[in-house]
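Welcome, and please open the structure in your viewer. This tour goes through its internal cavities, one selection at a time.

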Amino acid sequence: MKRIRKVDPVKLSIYHHLLSACAEEMGVVLGRAASSANIKERRDYSCAVFDHAGRMVAQAAHIPVHLGSMPLSVEAALRRGPLEPGDAILVNDPYEGGTHLPDITLVAPVFLPGEKRARFYVANRAHHADVGGMSPGSLPLATELVQEGVRIPPVHIVRRGVVQADLWRLICANVRTPDERQADLEAQLGAAATGAKRLAELAERSGVSELSEYVEHLYDYAERGVRAVLSSIKPGRYAAVDWLDGDGVGGTRIPIRVAITVHRGGRATIDFTGSAPQVDGPLNAVASITLSAVLYVFRCLAGSDLPTNAGCLRPLDMIAPAGTIVAARPPAAVSSGNVETSQRITDVLLAALARALPARVPAASYGTMNNVLIGGADGAGSPFAYYETLGGGHGGGPDGPGASGMQAHMTNTLNTPIEAFEHLFPMRVWRYALRRSSGGAGKHRGGEGLVREIELLVPATVTVISERRVLAPPGLAGGGPGKRGRNARVVAGKTARGRVEELPGKFQKRFEAGDVLIVESPGGGGWGRGAGSRRGRRS
């Protein structure tokens, strides 16, 4: 019988924070070294540490939809065969553990002195502002994956310390802003090197044996934390359904269903059977995205002090039928499943858990990443590609009102500061403000959405991928819904100057110089009966 050494709780906490700090420092390096505003300013990236088997050991406080799915990209990289010192694997294929094509993941092994097998792996994932495809920004209203950009299966970008120049050129030749892509990829390599160095230093200081032992203890600790939450829930089946507005190419009211069965002994089965079949448009989510939403929601229930690692998933069994909106098969288009469907999966999971834990779960937040993509050429003829997600209102909850104008759930990025935005792109921001009276009414009101108005100074292609323009974020416990989002264009042409054109939730359109794009994000749902709330009303 294996002898289990007593765990020192102080050491356990120290190792948790030291390992997380490795991932955090990787993120600092990536953000500082990158070129694009999307990575440097918005910090649309995530970093994590993995063990020899590809299990996630620790992560930085980055983006949930990246981090929950990243282990599957690491597994795909390891299937390429044993990685050697100085190797690095690149992958963005959604059907190989990725999310959507703009999210490029870099995986590198960490060899400790005297060892012939990688003891750890470091990985980082960054959203590149353009990776080719039908439209600038690479989130088009596509109907198959090949239209969305360059697809990279797990391949060596560095082999034994030598950059694979032919592959590098191939990638950069298939994007609209190659110099920016090259700089951002170099930043990812630098971040991986930093993480590997810090892990080697940690192992040297603590000893490989103790470090490896406490990695296992951290898995067990995370598992116990999630089991404790599940054990606090009355065993039973808790179901919910929510809908996506549409897929952008014709499909509307797309249902996502979940049934969470809580078993005795601290286990749960999360079953998405009954969700819509995969759709024609790009709202399909691959299974790794659905898994990331499951991890995020149950990790939130466990409290802020619990480490997020592979142990969190041990008590959870997920059923996501292949060929559905939550587990699409190739060659389905998936670019917006990462940003929009992930939010709705989170919403429906929380709605189901609200039946089990009514005193803990808030109303729905704004439920969309409000993706804005604008690309073309500036006055000097140089190509540009701008991408941003906009925050909105958080749902009110049992403990108080929802936050206003912030990112929620599966996203965790910043905005592009207006000074940087106007310096980098041929556009001008006319308004950036909270959207007053957009939060749902109730005992605890939902948070307010945002308004952003952007004038184009040159002709450009504008793509907006947004949700909650048809179906409002619902309230909870008698609270009212948040206000639906809105997209519009103010026309600058001579014959229709000042005319306001209402636009759908998902569109791709050519704008002329002087046109103004208006995006108004939804408010959060209200919680509890209060002044002005009407149960079940959709606004």
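Start with three elements of this predicted model: select α3 (64-67), α9 (337-356) and β13 (383-389), each of which gives at least two residues to the lining of the largest cavity.

Next, zoom in on the centre of that cavity. Show Asp44, His66, Asn338, Val339 and Met369 as sticks: of the 16 lining residues, these lie nearest the centre. The space they look onto has a volume of about 90 Å³. If you colour the lining by class, you will find seven polar, six nonpolar and three charged residues.

How many cavities of 30 Å³ or more does the structure hold? There are two, so let us visit the other.

For the second largest cavity, select Ser36, Ala37, Asn38, Ala129, Glu180, Ala385, Tyr386, Tyr387 and Phe425, the residues that line it. Two elements, α2 (37-40) and β13, each contribute two or more residues to this lining. Which of the elements gives the largest share? That is β13, with three residues. The space enclosed here is about 40 Å³.

Now colour this second lining by class as well: six residues are nonpolar, two are polar and one is charged.

For a last view, keep β13 selected on its own. This strand supplies at least two residues to the lining of the largest cavity, and three to the lining of the second largest.

Notes
Residues are numbered from 1 along each chain as its sequence is written. This is a predicted model: local features need pLDDT of at least 70, side-chain atom pairs count only at pLDDT 80 or more; totals for chains, interfaces and linings use all residues. Side-chain values use heavy atoms; hydrogens and water are left out. On a 1 Å grid over the protein atoms alone, a cavity is a set of points where a 1.4 Å probe fits but cannot get out, and a pocket is an open set with protein on both sides within 12 Å along at least five of seven lines; lining residues have an atom within 4 Å of a point. Grid points are joined across faces, edges and corners, and a volume is the space filled by probe spheres set on the points. Helices (H or I, at least four residues) and strands (E, at least two) are DSSP runs, numbered from the N terminus. Ala, Val, Leu, Ile, Met, Phe, Trp, Tyr, Cys and Pro count as nonpolar, Asp, Glu, Lys and Arg as charged, and the others, Gly among them, as polar.
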